[in-house]
Amino acid sequence: MTDRPTDVDVDLHVPARRTELHWPLLAAIAAGGALGALARHGVQAALPTPSGGFPWATFLANVSGCLLIGVLMVVVTEVRTAHRLVRPFLGVGVLGGYTTFSTYVVDTLRTVAAGAPVTALAYLGATLVAALLAVVAGMRLTRRVAGVRIR
Amino acid sequence: MTLLLIVLGAALGAPLRYLADRAVQARHDTSFPWGTLTVNIAGSALLGFLTALPLGDGVMALAGTGFCGALTTYSTFGYETVRLMEEGARFHSVANAVASVVAGLGAAYCGMAIAQTIA
């Protein structure tokens, strides 16, 4: 493994992350999580999913959040040394609160229950593929813009 | 009021994800992201349970959209899966993606089934 973290939330293989636990950190994560969840709620309110329809709102939130996590993590781990609360606030909090895994799986099951198993399967697969590609795109674009060479 | 309930739920869920991830990692010295997998499965089970109960909009905003939404994460899951692939841990990367989706679906299904049994 390199010294770059694998886990956004906390990676105990990175020495600085082992000692970072303190109240300002938890407050930053809580505030970021609240903002992210509000943003997700806004997207869901703007794009309501009819019963058995493709859950576009959650799809868009998860994919755009994955693009942004790719950008953020390259910036804070490869491009510059960020303030110690930047990753907790933006990565763990805002993007963690904005994206959701629980709604993704529950949406899928509800779409099946609504009698649209093909839509459910398409949603399940498309979210996974698009989200992973979005992370890769976010990381590559940021590395290219910042001129970072991958170690 | 709905917005305030979402804020409250998310302000609890996001730090709990961090603390749970930390607690799980402290017990497993591996690069496999057990912590995120754990919170995503637990949050999926809870949201499945809640959606199958006849709950009001307020409770769903607080516990569903806010708490479960912020407790679970797609961005961290996606980033970890890509990073494992980058590090050459191809098996762990694919296993993480497959296990997360399969276990998440299973957990949400179990949550719904339990709620339907008791409701």
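This is a short chat about reading the interface between two chains, and one helix beside it, in a predicted model.

Me: How many residues of chain A and chain B are in contact?
Reply: Contact here is heavy atoms within 4.5 Å. By that rule, 57 residues of chain A touch 52 residues of chain B. The area buried between the two chains is about 4,500 Å², and carbon and sulfur atoms give 70% of it. On chain A's side, Thr6(A), Phe101(A) and Leu109(A) lose the most area to chain B, together 15% of what that side buries.

Me: What about charges: how many salt bridges are there between chain A and chain B?
Reply: The count is 2. In a salt bridge between Asp9(A) and Arg17(B), the side chains meet at 3.2 Å, N to O. There are also 15 residue pairs in polar contact across the interface.

Me: Which helix gives the most to the side of chain A that touches chain B?
Reply: That's H2(A), with 11 residues. By class, this side of chain A has 30 nonpolar, 17 polar and 10 charged residues.

Me: Now for a helix in chain B. Is H4(B) mostly covered or uncovered?
Reply: For a helix, you can check each residue: buried means under 20% relative accessible area. In H4(B), 10 of the 12 residues are buried, including Phe77(B), Tyr79(B) and Arg83(B).

Me: What do the buried residues of H4(B) pack against?
Reply: Helices from both chains: H3, H4 and H6 of chain A, plus H1, H2 and H5 of chain B. H4(B) itself covers residues 75–86 and reaches 16 Å from its first C-alpha to its last, close to the 16 Å expected. Just after H4(B), look for Gly88(B), with a positive phi of about 90°.

Technical notes
Residues are numbered from 1 along each chain as its sequence is written. Chains are lettered from A and ligands numbered from 1 in the order in which they are written. This is a predicted model: local features need pLDDT of at least 70, side-chain atom pairs count only at pLDDT 80 or more; totals for chains, interfaces and linings use all residues. Side-chain values use heavy atoms; hydrogens and water are left out. Buried area is the accessible area (1.4 Å probe) that two parts lose on being put together, summed over both. A salt bridge is a side-chain nitrogen of Lys or Arg within 4 Å of a carboxyl oxygen of Asp or Glu. A polar contact is a pair of N or O atoms within 3.5 Å; within protein, one must be able to donate a hydrogen and the other to accept it, and residues adjacent in sequence count only if both atoms are side-chain atoms. Helices (H or I, at least four residues) and strands (E, at least two) are DSSP runs, numbered from the N terminus. Ala, Val, Leu, Ile, Met, Phe, Trp, Tyr, Cys and Pro count as nonpolar, Asp, Glu, Lys and Arg as charged, and the others, Gly among them, as polar. The expected span of a helix is 1.5 Å times one less than its number of residues. Buried means under 20% relative accessible area, exposed over 50%, partly exposed in between (1.4 Å probe, protein chains only).
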